[in-house]
There are 2 protein chains.
Amino acid sequence: MGLRERKKHQTRLALIDAAFDLFLVQGYEATTVDQIAAAVDVSPRTFFRYFGSKEDLALDFTVEYEELVTTALAARPAGEAPLAALATAFREFIHQMEANAADDTERFLKHRRVIDANPALLATGFARMAETEKKLTAELARRQGTDPAADPRPRLLVALITSALRVGFECAAERDCQLVGLVGNVTDLLNLAEAALTPGWGQLSLGSSGQVATKASSPG
Amino acid sequence: MGLRERKKHQTRLALIDAAFDLFLVQGYEATTVDQIAAAVDVSPRTFFRYFGSKEDLALDFTVEYEELVTTALAARPAGEAPLAALATAFREFIHQMEANAADDTERFLKHRRVIDANPALLATGFARMAETEKKLTAELARRQGTDPAADPRPRLLVALITSALRVGFECAAERDCQLVGLVGNVTDLLNLAEAALTPGWGQLSLGSSGQVATKASSPG
DNA sequence: TTGTCATCTGTCATGGACTGACATAAATTA
DNA sequence: TAATTTATGTCAGTCCATGACAGATGACAA
């Protein structure tokens, strides 16, 4: 890696660290891009060459984790039931997150605390998850050989499990957890959701209209 | 109602209609507040006296519906199981939405189309649902006599059902539904989620730590 | 080492979403 | 009609974000 690339990487990290330090002291909203740039002795215009927006910086570290889930699901054996495969994939994701975070626990928790403290940030974070959800849905549909546009079940399953995860993060945030507590809470909620769904999910069937079997319904 | 109040109401509606007409033609992002204000012959500053933000205007009509859910849940008989009560409350919400929308179907669908076309808008919409989710969670916890801070089950249940609704709206948006199709899709997904949860949900129990029973876990 | 090239950065100008302050115009009420 | 309340317009300013251009700096070959 050349000097140029090293410098860029350095500036990037410096911006992130300076930003989160300011976020923790002043709050996310109250911190301006100018302040962050000034703290790193860089022009505000340069800030936007490293990050598309202030939100991008704040949510930067969540991106890598989302990719982990899709690869984890793809690695599950073909015969595994959808719910089991998805739940396992998410558990692996959690383990990966734990392992990565352990490298620099302080920074990880700092980031989580900032995000958890800002509903708007939290919301955008899960909104960006939509892309990942689509990939997971496509993978589940592929495994079952169904059309993801016609069969809402894979999509629903992904949405349900994802929301369980979300609740896990929320609970952990409320309880002001350390890394262990965070992982515990998220895992627990995932297990809870899986336990609730396991008895019913396997029997779910669709009507001929491509909608739910439990009720004759509009073709949409 | 005095002249003053009538005028305000009129201006408010005019802003909404002008805005959505512009949104449909130019897109939400490409439409500026100045354009909306100009279309109604009002200063841009006045726009912000009617709506806190451009997003507020775009999501305005969703607010009234969210209130319906909480009142619908509160009206369910005390003995009803949590899942059944919540599902029924949401079904009543859907019926109410259908009835209200029937008054002015065109405007309703216009609004939905704009929101569905903008991921950011859609995300913010469901993010704002968080407030409603809290109320629903509190009501479910009250019914069960549990502490919402310690027992994550009501919260999880609300999150699961809400996400089913979200998927229903998404499916309807993709299929470019009319009002009937929209209601059908959302109802179907709600039924599907209820069917998936009914067998397992009643048996869900918690461990002594306030976490999930299926696994000994961290106190958080 | 030197000169060329690609790329990073700062500066400047601009636009769009908001907000506070203040004056004016309009409706309400007495 | 006079006094009061309230809505609106104007103005100035902040913050986020982006395009354009020029200068600085690292990469690389001769």
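Start with chains A and B of this predicted model and select the interface residues of chain A. Of these, 100% are also interface residues in chain B, so the two copies meet through the same surface.

Next, superpose the chains. A turn of 180° with a shift of 0.0 Å along the axis lays chain A on chain B, with an RMSD of 0.1 Å. The copies are thus related as by a two-fold rotation axis.

Now select DNA strand C and the residues within 4 Å of the strand. There are 21 residues around DNA strand C, and the closest are A:Arg4, A:Thr46, A:Arg49, B:Leu3 and B:Lys54. Of the atoms of DNA strand C that come within 4 Å of the protein, 55% belong to sugar and phosphate.

Colour that selection by residue class. The surface near DNA strand C has 9 charged, 7 polar and 5 nonpolar residues.

Then zoom in on the start of α1 in chain B and show the phosphate oxygens of DNA strand C. At B:Leu3, a polar backbone atom is 2.7 Å from a phosphate oxygen of the strand. B:Arg4 places a backbone N or O atom 3.0 Å from a phosphate oxygen of DNA strand C. For B:Lys7, display the side chain: one of its N or O atoms is 3.3 Å from a phosphate oxygen of DNA strand C.

Finally, switch to a cartoon view and pick out the helices. Two or more residues of the surface near DNA strand C come from each of α1 (3–26) and α3 (44–50) in chain A, and from α1 (3–26) and α3 (44–50) in chain B. End on α3(A), which gives the largest share of that surface, 4 residues.

Key:
Residues are numbered from 1 along each chain as its sequence is written. Chains are lettered from A and ligands numbered from 1 in the order in which they are written. This is a predicted model: local features need pLDDT of at least 70, side-chain atom pairs count only at pLDDT 80 or more; totals for chains, interfaces and linings use all residues. Side-chain values use heavy atoms; hydrogens and water are left out. Copies are superposed by least squares on the C-alpha atoms of residues with pLDDT of at least 70 in both. Contact means heavy atoms within 4.5 Å. A polar contact is a pair of N or O atoms within 3.5 Å; within protein, one must be able to donate a hydrogen and the other to accept it, and residues adjacent in sequence count only if both atoms are side-chain atoms. Ala, Val, Leu, Ile, Met, Phe, Trp, Tyr, Cys and Pro count as nonpolar, Asp, Glu, Lys and Arg as charged, and the others, Gly among them, as polar.
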